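Notebook open, model loaded. I want to look at a couple of single residues first and then at the empty spaces.

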Amino acid sequence: MADTTAAVAFEWTKIRTLRSTVWSLALFSVMSIVVALLAGYVMKGVYEDMSATAKANFDPVASGFSGLKLGMIALVVFGVLSVSSEYSTGTIRSSLAAVPRRGVFYTAKMVTGTATALVLSAVVVTASFFATQLMLGSPASVSVSDDGVLRAMVGGVLYMTLICAFSMGLASLLRSSALTMGILVPLFFMISTILNSIPGVQKVAQFLPDLAGGLILRSTPPAGDTILTPWTGMAVLAAWAVLAVAAGYVAVRSRDA
């Protein structure tokens, strides 16, 4: 237990002192909240011109969380760099010399990275929600006590944390920042969206990690033919994250530094 605690402190020092990870976390926060403010401001004017049916179907929570999807790029970068930067610079040898037990080393890295994502996501999700509702104003805005809102907020925190864990696991497996980002960025921000718009593969595309978990970011069910519910979608994302983390663990244990 003492070894793990010391290893976690070691990893936390790396996160605090590595400029790329600090800037990634800062960008995640700023981008998410700024877009939430802009979304609320824009949608306030749009809402006034909506038909009665459109107003009934309007989801003010999903509108505010649109910033999280953009900010997620920076969080993915954080997760990838917190793992792969050591391999690209060669400092992984020093890290393994300091923490020779690879299971402890990997556990400390994953715990520190996901805990950082969890805490920061809780702040960003909360700030994004209230920023959007403030800009929307009455009657378009909602409160935390309204149906589905608290679930979406809690789910948003879990969503961002699991996406970060998935990114860290894949980076541990691939050991390359460029290769990992070359897979994740197109997958999360282009491929999944395209596949989800094709009728023939839409049902299968719903099981991709970002789309499955993203269902939780809505306070009302999405329109269209959706197989998953918000919580089953979150379970699918969790399964992807566990698979990636497990694969990364096997890679760290079996490969040379």
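For contacts I count two residues as touching when they have heavy atoms within 4.5 Å of each other. One reminder to myself before I start: this is a predicted model.

**Entry 1, Val-35.** I looked up which residues Val-35 touches, leaving out those up to four places away in sequence, and got Ser-66, Gly-67 and Leu-70. Val-35 itself sits in helix H2, which runs over 19-48. Ser-66, Gly-67 and Leu-70 fall within the range of helix H5 (66-89). I also checked a pair far apart in sequence: Val-35 and Ala-131 are 96 residues apart along the chain, and their C-alpha atoms are separated by 9.5 Å. Buried or exposed, or something between, for Val-35? Its relative accessible area is 23%, so I put it down as partly exposed. The cut-off for buried is under 20%.

**Entry 2, Arg-175.** Next I went to the loop between helix H8 (149-174) and helix H9 (177-196), where Arg-175 is placed. Its phi caught my eye: near 60 degrees, a positive value in a residue other than glycine. I then asked whether Arg-175 counts as buried or exposed. Arg-175 has 17% relative accessibility, so it goes down as buried, given that the limit is under 20%.

**Entry 3, the second largest pocket.** I read off about 240 Å³ of space for this one. It is lined by 18 residues, and the closest to its centre are Lys-14, Leu-18, Ser-85, Glu-86 and Thr-91. Which helices supply at least two lining residues each? I noted helix H1 (2-17), H2, H5, helix H6 (92-98) and helix H7 (102-136). H5 gives the most, with 5 residues. By character, I have 11 polar, 4 charged and 3 nonpolar residues in this lining.

**Entry 4, the cavity.** How many cavities of 30 Å³ or more are there? I get 1. The largest cavity holds about 40 Å³ of space. I wrote down its lining in full: Val-83, Glu-86, Tyr-87, Ile-92, Phe-105, Tyr-106, Lys-109, Ser-172 and Val-252. H5 and H7 each supply at least two of these residues. The lining divides into 6 nonpolar, 2 charged and 1 polar. Glu-86 turns up in both places: it lines this cavity, and it is listed among the residues closest to the centre of the second largest pocket.

Methods: Residues are numbered from 1 along each chain as its sequence is written. This is a predicted model: local features need pLDDT of at least 70, side-chain atom pairs count only at pLDDT 80 or more; totals for chains, interfaces and linings use all residues. Side-chain values use heavy atoms; hydrogens and water are left out. Helices (H or I, at least four residues) and strands (E, at least two) are DSSP runs, numbered from the N terminus. Buried means under 20% relative accessible area, exposed over 50%, partly exposed in between (1.4 Å probe, protein chains only). On a 1 Å grid over the protein atoms alone, a cavity is a set of points where a 1.4 Å probe fits but cannot get out, and a pocket is an open set with protein on both sides within 12 Å along at least five of seven lines; lining residues have an atom within 4 Å of a point. Grid points are joined across faces, edges and corners, and a volume is the space filled by probe spheres set on the points. Ala, Val, Leu, Ile, Met, Phe, Trp, Tyr, Cys and Pro count as nonpolar, Asp, Glu, Lys and Arg as charged, and the others, Gly among them, as polar.
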